Amino acid sequence: MLKVLYAGSPQAAATTLEILLKNAAQNNFSVVGVLTNPPKMQGRHSTLVPTPVQTVAEQNGVPVFTPEHLDSTAREEIAKCGADILVCFAFGKIFGPKFMSLFKFGGINLHPSALPKYRGCTPVNASILNMDKETAFSVQTLSQKMDEGDILAQKIVPLTGKETAVSLLNQAAIDGAELILSVLKNCAENNSLPQGKKQEGEPSYTSFIQREDARIHWTKSAEQIDALVRAYYPEPAGWTQSKDVSIKLLEGFAISDEEGKSLGADLSLTPGTVALYCKPKGILIKCGTGFYVVKQIHQQYKKPMDYKSYINGARDFVGTRLE
């Protein structure tokens, strides 16, 4: 039976691990160990909190490794698992040649983009931000260069324009697990990885998200602002300023100038102006073109709330200029 070491950390990677564990036996493999980031201090009492992947592994009795660095000591411990292959999703580090030499069949990685498009750490955010009509979930061989491995399996995914970063990553976790299962089953049956396909086309790259990246520039179109809010939900969240107070916009949608006018909004307003409160729909904010309609909002020093609750406590919000 094929022996797998799984590497990942966030909730999406934990979802994928759960699916792999549930379907391991029928696909002729077993997960003999999990590699994840060390627990982090969280909360006012600085409690050590394990990653979601560690939690799932421990619930299923799978040995867990949480080294700060993949040095010789870590490699010696991990080698005791006798894993044949490394399976990675959202681990966040590049594996060196000494580490990869532990695995008979090398490693595979789930990457949620149509490689070579959006190599790097934030492909889901990029596809939403750029308002792509489709993306892909790709299983590739692990390479010493970032996301340059051969494609072993891939699923093209149409985008509706309603996805958020968290919803699309969750979809990648589920659909990607099915792709990984097919590759592992093939490897177990044939004692080798399936033949991969070289990546084709011009590569593009993504980088770590900074808070300033999520700042809303109201001169942009309502559609662009809607894409930004969805691309950065839940973190760092699309944000703006109102009288030196930071406001995060968590959910909403774009409407045209014509739709805004039909609701009573003034088309001559400066972009960033809170145009009106429409009880059945939300809070309308003027954009470069169109209006962004806020449904969920999170003002600094307050709890997240729906637009009706927010207006009840901020009667003077309409007419405010956001920056």
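**Exercise 1. The ring cluster**

Which residues do ring pairs link into a cluster? Work it out on this predicted model, then sort two of the pairs by geometry.

*Solution.* Start with the general recipe: a pair of aromatic rings is described by the distance of the centres and the angle of the planes.

- Step 1. Count the pairs: the structure holds five aromatic pairs.
- Step 2. Take phenylalanine 91 and phenylalanine 95. Their ring centres sit 5.5 Å apart and the planes make 5 degrees, so this pair is stacked. Both phenylalanine 91 and phenylalanine 95 are buried.
- Step 3. Now try phenylalanine 99 with phenylalanine 103. Here it's 5.3 Å centre to centre with 70 degrees between the planes, an edge-to-face pair. Phenylalanine 99 is buried, and phenylalanine 103 is too.
- Step 4. Put it together: Phe91, Phe95, Phe99 and Phe103 are linked by ring pairs into a cluster.

**Exercise 2. Reading the sheet**

Find the order of the strands in the open sheet and say which strands stand at the edges.

*Solution.*

- Step 1. Write down the order. Seven strands make up an open sheet, running S5-S2-S1-S6-S7-S8-S9, with mixed pairing.
- Step 2. Look at the ends. S5 and strand S9 (151–158) each have a single partner strand, so one side of each has no neighbour in the sheet.
- Step 3. Recall how this works in general: strands of a sheet pair through backbone hydrogen bonds, either parallel or antiparallel.

**Exercise 3. Strand S6 and its neighbours**

Trace the bridges of strand S6 (residues 85–88) to S1 and to S7, then decide whether the faces of S6 are covered or not.

*Solution.*

- Step 1. On the S1 side, the two strands run parallel and are joined by four bridges. Tyrosine 6 has valine 87 as its bridge partner in S6, and alanine 7 has cysteine 88.
- Step 2. On the S7 side, three bridges do the job, again between parallel strands. One partner to note: valine 87 goes with isoleucine 108 of S7. Valine 87 therefore shows up in bridges to tyrosine 6 and to isoleucine 108.
- Step 3. Check the faces. Ile85 and Val87 lie on one side, Leu86 and Cys88 on the other, and all of them are buried, leaving both faces of S6 covered.

**Exercise 4. What packs where**

Which residues of helix H2 (residues 52–59) are buried, and what covers them? Then place helix H1 relative to the strands.

*Solution.*

- Step 1. List the buried ones in H2: Val53, Gln54, Val56 and Ala57.
- Step 2. Look down the axis of H2. Those buried residues fall within an arc of 165 degrees, so they line one face of the helix. The general background: an α-helix has 3.6 residues a turn, so residues three or four places apart point the same way.
- Step 3. Find the cover. It includes strand S1 (2–7), helix H1 (11–23), strand S2 (29–35) and strand S5 (64–65).
- Step 4. Turn to H1. This helix lies across S1, S2, S6 and strand S7 (107–111), and runs at about 150 degrees to S2.

**Exercise 5. Could the cysteines bond?**

Explain why cysteine 88 and cysteine 121 don't bond.

*Solution.*

- Step 1. You need sulfurs within 2.5 Å for a disulfide.
- Step 2. The sulfur of cysteine 88 has its closest cysteine sulfur, that of cysteine 121, 13 Å away, which is too far for a bond.
- Step 3. Compare their surroundings: cysteine 88 is buried at 4% relative accessible area, while cysteine 121 is partly exposed at 41%.
- Step 4. The tally is zero disulfides.

**Exercise 6. Backbone oddities**

Hunt down the cis peptide bonds before proline 116 and proline 236, then the positive phi values of alanine 90 and aspartate 244.

*Solution.* Your baseline: most residues other than glycine have a negative phi, and most peptide bonds are trans.

- Step 1. Leucine 115 to proline 116 is cis, with omega near 15 degrees. Proline 116 is in the loop between S7 and helix H5 (123–129).
- Step 2. Glutamate 235 to proline 236 is cis as well, omega near 0 degrees. Its proline sits in the loop between helix H7 (222–231) and strand S10 (238–242).
- Step 3. Alanine 90 has a positive phi, near 60 degrees. Look for alanine 90 in the loop between S6 and helix H4 (97–100), partly exposed at 36% relative accessible area.
- Step 4. Aspartate 244 has a positive phi of about 70 degrees. The loop between S10 and strand S11 (245–255) holds aspartate 244, which is exposed at 73% relative accessible area.
- Step 5. For contrast, take a glycine: H2 is followed by glycine 61, with a positive phi near 70 degrees.

Key: Residues are numbered from 1 along each chain as its sequence is written. This is a predicted model: local features need pLDDT of at least 70, side-chain atom pairs count only at pLDDT 80 or more; totals for chains, interfaces and linings use all residues. Side-chain values use heavy atoms; hydrogens and water are left out. Buried means under 20% relative accessible area, exposed over 50%, partly exposed in between (1.4 Å probe, protein chains only). The arc is that of the directions from the helix axis to the C-beta atoms. Contact means heavy atoms within 4.5 Å. Two strands pair if DSSP finds at least two bridges between them. Axes are lines fitted to C-alpha atoms, for helices over the stretch in contact, and angles run from 0 to 180 degrees between N-to-C directions. Rings of Phe, Tyr and Trp (its six-membered ring) pair if their centres lie within 6.5 Å; planes under 30 degrees apart count as stacked, over 60 as edge-to-face and the rest as tilted.
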